[in-house]
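Please open the structure in your viewer and keep the sequence beside it. The tour below proceeds one selection at a time.

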Amino acid sequence: MYFDDHGFPHFHARHVDGEAKVRIDTLEIIDSTLGRRQLRFVLAWAELHQDELAENWRRARRGETLMEIEPLR
């Protein structure tokens, strides 16, 4: 999470085959080089953890330690 990035609160998802930048509040894909399958997994995970992602964004902006979010399994 790069909280000092410009724009809306978002997170970056990385995979060996590419990466994606996803807006937290709407789960809109800002940018992606991921394949369709990987992107579906990222969006499904983000939907499950949207509140945690938003809280981590707020924590990062305040300079606090981020909470660990369960990875996709």
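Two strands are said to pair if DSSP finds at least two bridges between them. Helices (H or I, at least four residues) and strands (E, at least two) are themselves DSSP runs, numbered from the N terminus. The model is predicted, so local features need pLDDT of at least 70 and side-chain atom pairs count only at pLDDT 80 or more, whereas totals for chains, interfaces and linings use all residues. Residues are numbered from 1 along each chain as its sequence is written, and side-chain values use heavy atoms, with hydrogens and water left out.

**The whole chain**

Display the entire chain first. Three strands and two helices are present, in the order β-β-β-α-α from the N terminus. The radius of gyration is 12 Å, close to the 11 Å that the globule rule gives for 73 residues, so the chain is as compact as a globular protein of that length. That radius is taken over C-alpha atoms, and the rule is 2.2 Å times the number of residues to the power 0.38. Along its principal axes the C-alpha trace spans about 35 × 25 × 20 Å.

**The strands**

Select residues 10–15, which form strand β1, together with residues 18–23, which form strand β2. These two strands pair in the antiparallel sense over six bridges, and a hairpin joins β1 to β2 through two residues. Which residue of β2 is the bridge partner of histidine 12? The partner is lysine 21. Next, select alanine 13, which stands opposite alanine 20 in β2.

Keep alanine 20 selected and add residues 29–32, which are strand β3. Alanine 20 also stands opposite serine 32 in β3. The pairing of β2 with β3 is antiparallel and runs over three bridges. Five residues lie between these strands in their hairpin, and leucine 27 in the turn has a positive phi of about 60°. As you rotate the view, recall that in a regular strand the side chains alternate between the two faces of the sheet.

**Around the helices**

Select histidine 49, in the loop between α1 (36–48) and α2. Is histidine 49 buried or exposed? At 12% relative accessibility, histidine 49 counts as buried; the word means under 20% relative accessible area, while exposed means over 50% and partly exposed in between (1.4 Å probe, protein chains only). Buried residues make up 27% of the 73 residues in the chain. Leaving aside neighbours within four places in sequence, histidine 49 is in contact with Ile69 and Glu70, where contact means heavy atoms within 4.5 Å.

Move to aspartate 51, which lies in helix α2. Aspartate 51 counts as exposed, at 67% relative accessibility. Now add aspartate 25 to the selection: the two residues are 26 apart in sequence and 8.9 Å apart in space, C-alpha to C-alpha.

Finally, select arginine 62, in the segment after α2 (50–61). Arginine 62 has a relative accessible area of 49% and is partly exposed. How many Å separate arginine 62 from arginine 40, C-alpha to C-alpha? The distance in space is 31 Å, with their positions 22 residues apart in sequence as the separation.
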